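Me: Please walk me through how to read the features of a protein model, starting with burial.

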Amino acid sequence: MPHLGPLALGLAGLCLFAGTCRGDDLFEFEGLKPGLVVRYADAAHSTTRIEPAVAAIWGSAAPLPGIDAASFQAEWSGVLFVKSDTKYRFYVHGQGRVRVRIADQEVLSGEATEPGWIAGPPTPLEFGFLPLQITFAKT
């Protein structure tokens, strides 16, 4: 079985919150908690919880008991607080397929067959609370 290297997303200087959007795309600020909501799933099972960061070293193990270590997916979602209007560049160190979307804009997408860095292009983001979605699939 191939080794799954560490998965870490570079979000230095940005604040993450677990929260939801209302239908009109305005955020409910009450009840936001530090961290992100993550859903781990395989073909037969799934589980959801809040994690403080996107960082894991699974090796050949499953992310959680009851999830198939051979083929699982993880999806983190929440709210990203961007502190200033400027360009940001996002990085992931890992092995597998990963995609990062902020405010419906893809800021990173790639796949690594061995542990290594994946970089997104410089992306302008505006100040404020923006929806964040990160998907990962073990390959």
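Reply: Happily! A residue is buried under 20% relative accessible area, exposed over 50% and partly exposed in between, with a 1.4 Å probe and protein chains only. Here, Phe136 has a relative accessible area of 2%, so Phe136 is buried. This is a predicted model, in which local features need pLDDT of at least 70 and side-chain atom pairs count only at pLDDT 80 or more, while totals for chains, interfaces and linings use all residues. Residues are numbered from 1 along each chain as its sequence is written, and side-chain values use heavy atoms, without hydrogens and water.

Me: How many aromatic pairs does a search of the whole structure find?

Reply: In general, a pair of aromatic rings is described by the distance of the centres and the angle of the planes. Rings of Phe, Tyr and Trp (its six-membered ring) pair if their centres lie within 6.5 Å; planes under 30 degrees apart are stacked, over 60 edge-to-face, and the rest tilted. Searching the whole structure gives eight such pairs. One of them joins Trp58 and Phe136, a tilted pair with 5.7 Å centre to centre and 40° between the planes.

Me: Which parts does that pair tie together?

Reply: Strands, like helices, are DSSP runs numbered from the N terminus: E for strands (at least two residues), H or I for helices (at least four). Trp58 sits in the loop between β6 (55-56) and β7, and Phe136 in strand β12, so their pair links parts that are 78 residues apart in sequence. Trp58 is buried as well, because its relative accessible area is 9%. Both rings also belong to one aromatic cluster, made up of Tyr40, Trp58, Phe72, Trp76 and Phe136.

Me: What about Phe81 and Phe129: how far apart are the centres of their rings?

Reply: Their ring centres are 4.8 Å apart and the planes stand at 40°, so this pair is tilted. Phe81 lies in strand β7 and Phe129 in strand β12, so the contact connects parts 48 residues apart in sequence. Phe129 counts as partly exposed because its relative accessible area is 28%. The backbone gives a matching view: Phe129 in β12 is the bridge partner of Phe81.

Me: In which sense do β7 and β12 pair, parallel or antiparallel?

Reply: Two strands pair if DSSP finds at least two bridges between them. β7 and β12 pair in the antiparallel sense over 10 bridges. β7 also pairs with β4, again antiparallel, over five bridges, and there Ala41 stands opposite Gln73. As for burial, seven of the 10 residues of β7 are buried, so to say "mostly covered" fits that strand.

Me: Over how many bridges do β9 and β10 pair?

Reply: The count is 11, in the antiparallel sense, and Arg99 stands opposite Ser109 in β10. The two strands form a hairpin with two residues between them. Ala103, in that turn, has a positive phi near 50° although the residue is not glycine. Asp104, in the loop between β9 and β10, has a positive phi near 60°. Asp104 is exposed because its relative accessible area is 68%, while Ala103 is partly exposed because its value is 35%. β9 is also joined to β12, antiparallel, by six bridges, with Ala137 as the partner of Arg97.

Me: Which residues touch the most other members of the largest nonpolar core?

Reply: A nonpolar core is a set of buried Ala, Val, Leu, Ile, Met, Phe, Trp, Tyr and Cys residues joined through side-chain atoms within 4.5 Å. The largest one has 28 residues, and Tyr40, Trp76, Ile102 and Ile134 touch the most other members. Two or more residues each come from β4, β7, β9, β10 and β12.

Me: Last one: which residues line the largest pocket?

Reply: On a 1 Å grid over the protein atoms alone, a pocket is an open set of points where a 1.4 Å probe fits, with protein on both sides within 12 Å along at least five of seven lines; lining residues have an atom within 4 Å of a point. The lining consists of Arg39, Ala41, Gln73, Ala74, Glu75, Arg97, Val98, Arg99, Thr135, Phe136 and Ala137. β4 (36-41), β7 (73-82), β9 (91-102) and β12 (128-137) are the elements that give two or more residues to this lining.
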